[in-house]
Amino acid sequence: MNSGLKIFSGLANPSLAERIAAAAGTRLSAIEIRRFSDGEISVAIGENARGVDAFVIQSTFAPADNIMELLLICDALNRASARRVTAVIPYFGYARQDRKDKPRVAISAKVVANLIAVSGVDRVLTMDLHSSQIQGFFDIPVDHLYAAPVLIKHFEPMRGEDLVVVSPDIGSVKMARAYAKRLNAGLAIIDKRRPLPNAVEVYHVIGDVENKNVLIVDDLIDTAGTVVAAVDLLKKEGAKDIHGAITHAVLSGPAHKSLDDSLIKELVVTDTIPLRVASRRIRVLSVAELLGEAIQRIHREESVSSLFMD
């Protein structure tokens, strides 16, 4: 047991929270989360938290109750006199609404960041934000982790098999370039347009994928429209086996059926969001060890960025 370190969890992804706590060398601390008949949430810390270094694990995917639970737990820990409260958010929801791209719209990612800060959180630990500049929405320190070490390890055996890493849009080029460098692979980019929310049109592949094995990388997959359209286009361009490496498996709406009906060979995701439906094409890898190690380093006031130095 680590003196002074306590880990609490909301109800969004308790199995991941248990794995993270084990990786950090401790167990989940006691907490009671109840819902009244009208849907309101009640939180009570179940053990002494005075003076502790508290970590609260909660992904903030829909519904909004997950965000509300996080805010209430952090407020309860502050009122219980915790020394420091760190919000561990494996998946930061609302991150795609990070700019004012048309008149009279909310910048929802900034709103959520503000809510977290005013609930008494001293620090945020998160993973593969949709855009790295979201770190600047917070006026408190943010440690930003990458799932790449976990996902790249899985695809190491494909190194040297005429592999090409594909970015499904311009926004993921930096991530795809990093994967290509680590896997000694080529790089290609999909020319994509999104005429409406959750609608996608793909036009061209920039790069050579003919007779190549392909790895599509991205930070999240929602309805699977982008990935399925990319797979169809890559097959037309002569690609051989097509795999996917994507951190956050939102997988809403028709995603599972679309993937099952597609020509993708394997989609590898992490457990930042619990998989609601099992699929023969989807494999889940855990990022618990990575998050557990980061928690230990923050608790010991050590570098977190050095986790990603080769």
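Which residues line the second largest cavity? The legends below, drawn from a predicted model, take up this point first.

**View 1. The second largest cavity of the predicted model.** The lining consists of Ala12, Asn13, Leu16, Ile57, Gln58, Ser59 and Pro90. Four of these residues are nonpolar and three are polar, with no charged residue in the lining. The volume of this cavity is about 30 Å³.

**View 2. The largest cavity and its lining.** The search of the whole structure returns two cavities of 30 Å³ or more, and the largest encloses about 50 Å³. Tyr91, Phe92, Ala95, Asp128, Leu129, His130, Asp219, Leu220 and His248 form its lining. By class, five lining residues of the largest cavity are nonpolar, two are polar and two are charged.

**View 3. The open parallel sheet of five strands.** The strand order is S1-S4-S5-S6-S7. Strands S1 (5-9) and S7 (142-145) occupy the edges with a single partner strand each, so one side of each has no neighbour in the sheet. From one strand to the next, the twist averages 20 degrees. Strand S6 (residues 123-127) is joined to S7 by four bridges, and threonine 126 has histidine 144 in S7 as its bridge partner.

**View 4. Helix H8 lying across the sheet strands S1, S4, S5, S6 and S7.** Helix H8 spans residues 288-299 and runs at about 155 degrees to S6.

**View 5. The antiparallel pair of strands S2 and S3.** Five bridges connect S2 (residues 31-35) with S3 (residues 41-45). Glutamate 32 is placed opposite alanine 44 in S3. Five residues lie between the strands of this hairpin, in which glycine 39 adopts a positive phi near 100 degrees.

Terms used:
Residues are numbered from 1 along each chain as its sequence is written. This is a predicted model: local features need pLDDT of at least 70, side-chain atom pairs count only at pLDDT 80 or more; totals for chains, interfaces and linings use all residues. Side-chain values use heavy atoms; hydrogens and water are left out. Two strands pair if DSSP finds at least two bridges between them. Helices (H or I, at least four residues) and strands (E, at least two) are DSSP runs, numbered from the N terminus. Axes are lines fitted to C-alpha atoms, for helices over the stretch in contact, and angles run from 0 to 180 degrees between N-to-C directions. Contact means heavy atoms within 4.5 Å. On a 1 Å grid over the protein atoms alone, a cavity is a set of points where a 1.4 Å probe fits but cannot get out, and a pocket is an open set with protein on both sides within 12 Å along at least five of seven lines; lining residues have an atom within 4 Å of a point. Grid points are joined across faces, edges and corners, and a volume is the space filled by probe spheres set on the points. Ala, Val, Leu, Ile, Met, Phe, Trp, Tyr, Cys and Pro count as nonpolar, Asp, Glu, Lys and Arg as charged, and the others, Gly among them, as polar.
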